[in-house]
Amino acid sequence: MEVVPISIAAIAALLSIVATYLAVRSRDLLAAVVFSAVQSTAYALIYYVLMAPDIALVYIPVSVGILPAVTVMLVKKTERYEE
Amino acid sequence: MRLREVVVAVSVALMVLLLAYVVSAGGLGPLAPRELRELARSYLANAYNPWNVTQSSLSLEAVTAIVWDYRGIDTFFETSVLFASIVGVSLIFRGYRERPGIGGRGLSEIVKTSTRVLLPLILVAGVSIALHGHLTPGGGFQGGSFIAVLLVLATVVFSLDFLVERGLASGRLLALRSAGLLGVLATSVALLAVGLALGIDAYIFQNMVREGSELSMPQWLLDRPTGGTLLFFNVFEALAVAAGLALAFLVLSLREEEVGEAMAAGEWHE
Amino acid sequence: MSDPTTFLFAVVVLSLVANTGISLYGVFTRPSLVKKFISLTIFSDTLNSFAIAIGFRRVVGPYPSAAVLSSVPEDPDELLAFAGSAVDPLPQALVLTAIVIGLAVYMFLAGLIMLYHRHYRTTRMV
């Protein structure tokens, strides 16, 4: 089996760990939303390499498009910094 | 403080890398199987199988065939859950009404111009993905999410008034959402109704010719397979998902004055 | 180490395990409701990724294909070759609906958090 596509998935998976940790630890909630979107992009790459184009097509608009918009709206209507 | 967090995050990733090396060097580790299960092989072999039509849905795409044919009732009730949670969102902020022209001019002119170029492209991509759901990767859920992104983008960039002026207020979106759900329901019982009228046996969610029933949805549209009910399910589901998600986002992005009035009308007011 | 793809697939799966732990840590220990919300979305995405990883397979040829026929098959042997090289479509079909339904439920949750903030003027849980 070819090594190149699955090594792209491995790099994306390692990137998603960094993004998840920073999203959970960041005190600025707006930055947390951005890190969460980075994690979603890495997951979309993983889905594509694991041969699930249907999931990638539904995951990109939902988790990179609408969910960050909803969360930014939530942060704007509540408070920006976590205590 | 910030650098320390990044160092910790990168070291967690390095730990995972080393752990994977240790595990796979010992010959252990998760391994993708060589052979699929019997169920998966049956789905793959029967998704488009004109030599065995009674078990096939005549769709080139196996995932759409499973979502809307083999597991159609499951997906129908999942759509109902989607509808229920959209209704829940609008129930939380009940009594609201969009009022055009109270502040909110949107983003800068540069963003608006580039978004005007972008909106038709997203619309075409979403409609194409929904219509070709039985031929290429995609389907009703994917196309609906694309069109919902379009409406969310318009709400953010041009402000809430953009949608309200074009008649896409929340009442209209709820009507579109219900129309999509009713379309899914009508498609699922269409052959049953025909069978009742003609006095022939038929099933709910019947697509092609099945054992004990000769009725069938159209198999070809010009020179392309239609997948029978899958084409209609995809179109109606795209409508339902797009209108439902846009409605939920629109309610969540209501301005303070509108929500304040709605809250004052109900018992939620402090 | 015999096969580099074994190592790389192990990296993907173990990264998902690490993400499960980190996001659960966020749900349990962070005081802000919005941060709990973000961690919960990451958690559900990670579980969906596990389901996709279950459906992956190895084939003898170059790389497995997606569960989509690229052209209308002419004879039954093409179908058998397709079933011998495509990945499992069933987890994909289950995850597909779960993602969209999950988004609608998270929107409901976001509305509830807005109500919470309106009542108590804070999003702190503890």
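**Exercise 1. Determine whether B:Phe205 is buried or exposed, and place B:Phe205 in chain B.**

Solution. B:Phe205 has 20 C-beta neighbours inside 10 Å and therefore counts as buried, where a residue is buried if 20 or more other C-beta atoms lie within 10 Å of its own, exposed if 12 or fewer, and partly exposed in between, with C-beta atoms placed from the backbone. The next step is the location: B:Phe205 lies in the loop between helix H9 (190-198) and strand S1 (220-221) of chain B, helices (H or I, at least four residues) and strands (E, at least two) being DSSP runs numbered from the N terminus. Although B:Phe205 is not a glycine, its phi is positive, at about 60 degrees. Most residues other than glycine have a negative phi, and most peptide bonds are trans.

The structure is a predicted model, in which local features need pLDDT of at least 70 and side-chain atom pairs count only at pLDDT 80 or more, while totals for chains, interfaces and linings use all residues. Residues are numbered from 1 along each chain as its sequence is written, and chains are lettered from A and ligands numbered from 1 in the order in which they are written.

**Exercise 2. Describe the secondary structure of chain A, and say where A:Met51 lies.**

Solution. Begin with the elements: chain A has 3 helices and 0 strands, in the order α-α-α from the N terminus on. Then take the extent, for which the C-alpha atoms of chain A fill a box of roughly 50 × 25 × 10 Å along the principal axes. Of its 83 residues, 65% count as buried. Among the contacts in chain A with a separation of 6 or more, 59% come from residues 24 or more positions apart, two residues being in contact if their C-beta atoms, placed from the backbone, lie within 7 Å. Finally, A:Met51 is found in the loop between helix H2 (29-49) and H3 of chain A. A:Met51 has a positive phi of about 60 degrees although it is not a glycine, and its 23 C-beta neighbours inside 10 Å make A:Met51 count as buried.

**Exercise 3. Work out how H3(A) is oriented to H4(C), and how H2(C) is oriented to H4(C).**

Solution. For the pair between chains, the axes of helix H3 (residues 53-77) of chain A and helix H4 (residues 89-120) of chain C come within 11 Å and cross at roughly 5 degrees. Axes are lines fitted to C-alpha atoms, for helices over the stretch in contact, and angles run from 0 to 180 degrees between N-to-C directions. H3(A) and H4(C) are therefore roughly parallel to each other, since angles under 35 degrees count as roughly parallel, over 145 as roughly antiparallel, 65 to 115 as roughly perpendicular and the rest as oblique. Residues that meet in this contact include A:Val62, A:Ile66 and A:Val70 from H3(A), and C:Leu103, C:Tyr106 and C:Met107 from H4(C). By class, the contact of H3(A) with H4(C) holds 18 nonpolar, 2 polar and 2 charged residues; here Ala, Val, Leu, Ile, Met, Phe, Trp, Tyr, Cys and Pro count as nonpolar, Asp, Glu, Lys and Arg as charged, and the others, Gly among them, as polar.

For the pair within chain C, helix H2 (residues 33-55) and H4(C) pack at an angle of about 175 degrees, with their axes 10 Å apart. That makes H2(C) roughly antiparallel to H4(C). The contact of H2(C) with H4(C) comprises 17 nonpolar, 6 polar and no charged residues.

**Exercise 4. Identify the element that gives the most residues to the side of chain C that touches chain B.**

Solution. First take the totals, in which 44 residues of chain C are in contact with 53 residues of chain B. On the side of chain C that touches chain B, the elements giving two or more residues are helix H1 (4-29), helix H3 (76-85) and H4 of chain C. Of these, H4(C) gives the most, with 18 residues. By class, this side of chain C divides into 35 nonpolar, 6 polar and 3 charged residues.

**Exercise 5. List the residues that B:Val89 touches, not counting those up to four places away in sequence.**

Solution. B:Val89 is placed in helix H4 (residues 72-92) of chain B, and with 23 C-beta neighbours inside 10 Å B:Val89 counts as buried. With that exclusion of residues up to four places away in sequence, B:Val89 touches B:Ala248, B:Val251, B:Leu252, C:Met107, C:Phe108 and C:Gly111.
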